Amino acid sequence: MKTVSAGLLVGIVLVFVAGAGSAQEASRSSAWTRTTPKSEGEPKGYVQFQDYCSMCHGEGPGQPGTMALQAKYKGAQPALLSQRTDLTPQLIKLYVRNGTSIMPIFRKTEISDADLDLIADYLTRNNKK
Amino acid sequence: MRLPPGVSSHDFSSALTQFANAVGKEWVFTSDDDVNTYRDSYSPFWHEPEEPIPSAAVAPDGVEQVQAVVKIANNFKIPLWIISTGKNLGYGGSAPLLGGSMVLDLKRMDRIIEVNEKNHYALVEPGVSYFDLYRYIQDKGLKVLIDPADPGWGSLIGNAVDRGGGRTPMRDHFDAHCGMEIVLPDGEVMRTGMGALPDSKTWQQYRYGFGPYVDGLFSQSSLGVVTKMGFWLFPQPEAYLTGSVTVMKRDDLIPLVAGLAYLMNSGIVLGTTSVANPLAFARRDPALAALYAKPGGASTEELEQYAQEKNLGFWSVELPFYGPAKVVAAQWEYAKEKFSTIPGVKFTEGTINRFPIKPDELPQFNSVAVGIPSLSVFGVGSARSEGHIWFSPIIPMTGEAILEAQKVFTDAYKELGMSMGPMFFLGPSSNYPRCFLVLFGFPIEHDIEKNRKNRENFKKIVQVAAEHGWGEYRTHTAFMETVAQTYSFNNHALLRFHETVKDAVDPNGILAPGKCGIWPKHMRKARA
């Protein structure tokens, strides 16, 4: 596994470089928190993103979703979903309810429609209006 | 709308109304879009008519609702397939084995009933994931370690009843359980072990209760719906230490694994470790590739020389130690003494990590080994894969067995024309005591021909393993029949016993028909 881990670390470094241009939330990490996240002072949907997405699409080591998006866009888009400005609620819902590549399908008993709306709010909050 | 097998549309429609009355209309899923979310994301039957798609799903919240659902299903003879968090990816995900079954989705039952840090146990419902339990413990600052499966979104109960494994001293998840609450196929609730004593004070502390111990019948089982389960937890240790042992020659594997088995069976090493072959990681090096490409392949002497020159070693194991800092240091010293009789052995000192492990210490090792759930296991090949299924035989914990298995599976892969890529022969790992688990990943693609070929190959590999005395510990729903047929001692005496029990406990055969090759009487085929 050692060689694989070294590869992952290179990927992660690239992710941070790719994400560095997005200054809007430079101080806020989207890494999965070890305690239950609080909503105070956070954008709408942050808590739901934390609960359902950040363990795969957050910052930090061992984030398969972030790594896959880095491999896909090679820096043309931020690998971190929380820094994207081009996602639409329809697209987010399509991926969550149908899966893609190794990302599996998520059921309503896991992520309710109401929580999915909030996740979409969070991931589209920086889109140009 | 799909119908459950053998159920009329009139009856199904009446049953759906009754399910809705029992759990609430919004928790009965019948639309194509909703039913689609219960497909196996890593199905080896993708785009094929054989893909087992459910007819509908029902999601109760609480044991009384589970009882009501099971009673209704029993009245209408509707097969139910039970899922917890539904993330058993590689083994069937959230989809049933039998197409048209209704999925009984327990994800909403996600209560953490108790975490006890004095006697170190937890009591949870099936919808609780490793992520959920970890955060609960961190929020409250409790000094206990959980043992996550590699994918942290898994259910403690779902993984344990499927006999999954982790990496810490509590890594054999079914073995770590203590006490179950089960809804039986007639809707009755039963508690096992000390839970059978009303107002018991030791349900999570003494496993066996009184009389025959039945808990094992409810693992990899179709006899009941587990609605609560207790788990023993490891007290948060003072320290985690790892040290690596590397040997230089091929046949050094035999004393290396003998030493490992001694340390594990003596309780000195109590975590998951894998026997690694450093040469496998170097196979892209042109010098090594040239050796392998020679007619007849590389000789052992050539490989040993290559390993020596590159200072790689032929085999290595990383030993994990959990406990007081002084004790783990002494255990590592003792391990080195034990292995020092192997000529040329090398030791690599690991660092001592003290609990609680800080986030910036994490990249050094897999966080799952220190009880922090993660999804990093999905990182390997994530950019180009549509999923995977696992072929996962158990082999003896000996060097001889590893050498034999490597040869047997290499020959079989060559004969079947299969690629020996990075998912070939992962491990062998000590996820369970006294043996090795070997994992072989079979890629899933949305390509019918490739999946058909892979399914055929999978079945052949199961046979090859069985012919050498190695059986699977667990398998994808698509291969349960195949694997069950290999456990055939004395004309399938064990399977026939399971069928006798199934017929007695679930006469209408409503729970998980076909699971692990056990079919209800009315669906059972004549045995060849």
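Colleague: Hi! Which residues of H4(B) are called buried?

Modeller: They are B:Tyr130, B:Phe131, B:Asp132, B:Leu133, B:Tyr134, B:Arg135 and B:Ile137. A residue is buried if 20 or more other C-beta atoms lie within 10 Å of its own, exposed if 12 or fewer do, and partly exposed in between, with C-beta atoms placed from the backbone. This is a predicted model, where local features need pLDDT of at least 70 and side-chain atom pairs count only at pLDDT 80 or more, while totals for chains, interfaces and linings use all residues. Residues are numbered from 1 along each chain as its sequence is written, and chains are lettered from A and ligands numbered from 1 in the order in which they are written.

Colleague: What covers the buried residues of H4(B)?

Modeller: The cover includes helix H3 (54-57) of chain A, along with E5, E6, strand E7 (144-145) and helix H5 (156-161) of chain B. The labels come from DSSP runs numbered from the N terminus: H or I over at least four residues for a helix, E over at least two for a strand. Just after H4(B) comes B:Gly141, with a positive phi near 65 degrees.

Colleague: How do you know that residues of chain B are in contact with chain A?

Modeller: Contact means that the C-beta atoms of two residues, placed from the backbone, lie within 7 Å. By that test, 33 residues of chain B are in contact with 27 residues of chain A. Helix H4 (residues 130-140) gives the most to chain B's side, with four residues. That side has 11 nonpolar, 13 polar and nine charged residues. Here Ala, Val, Leu, Ile, Met, Phe, Trp, Tyr, Cys and Pro count as nonpolar, Asp, Glu, Lys and Arg as charged, and the others, Gly among them, as polar.

Colleague: What makes E5(B) and E6(B) partners?

Modeller: Strands pair if DSSP finds at least two bridges between them. Four bridges join E5(B) to strand E6 (residues 121-124), and the two run antiparallel, so they pass the definition. B:Val115 has B:Ala122 in E6(B) as its bridge partner.

Colleague: Why are E5 and E9 of chain B edge strands?

Modeller: The open sheet has five strands in the order E5-E6-E10-E8-E9 (chain B), with antiparallel pairing. Strand E5 (112-116) and strand E9 (189-191) each have a single partner strand, so one side of each is left without a neighbour in the sheet.

Colleague: What is unusual about the phi of B:His120, and is the residue buried or exposed?

Modeller: Its phi is positive, about 60 degrees, although B:His120 is not a glycine. The residue sits in the loop between E5 and E6 of chain B. B:His120 has 20 other C-beta atoms within 10 Å, so it is buried. Now take B:Asn491, in helix H14 (residues 489-505) of chain B. Its phi is also positive, about 55 degrees, and it is not a glycine either. B:Asn491 has 8 C-beta neighbours inside 10 Å, so it counts as exposed.

Colleague: Why is strand E14 of chain B called largely enclosed?

Modeller: Nine of the nine residues of E14 (residues 315-323) are buried, so the rest of the structure largely encloses this strand. B:Trp315, B:Val317, B:Leu319, B:Phe321 and B:Gly323 point one way, and B:Ser316, B:Glu318, B:Pro320 and B:Tyr322 the other. In a regular strand, side chains alternate between the two faces of the sheet.

Colleague: Which strands join E14(B) through bridges?

Modeller: Strand E12 (residues 239-247) of chain B pairs with E14(B) in the antiparallel sense over nine bridges. In that pairing, B:Leu241 stands opposite B:Phe321. Strand E13 (residues 275-276) of chain B also runs antiparallel to E14(B), joined by two bridges. There B:Ala276 has B:Ser316 as its bridge partner.

Colleague: What makes a set of residues a nonpolar core, and which members of the largest one touch the most others?

Modeller: A nonpolar core is a set of buried Ala, Val, Leu, Ile, Met, Phe, Trp, Tyr and Cys residues joined through C-beta atoms within 7 Å. The largest has 157 residues, and A:Ile119, B:Val58, B:Val69, B:Leu80, B:Leu104, B:Leu133 and B:Leu256 touch the most other members. H3(B) gives the largest share, seven residues. Leaving aside neighbours within four places in sequence, B:Val69 is in contact with B:Phe19, B:Ala22, B:Val23, B:Val58, B:Pro60 and B:Leu104.
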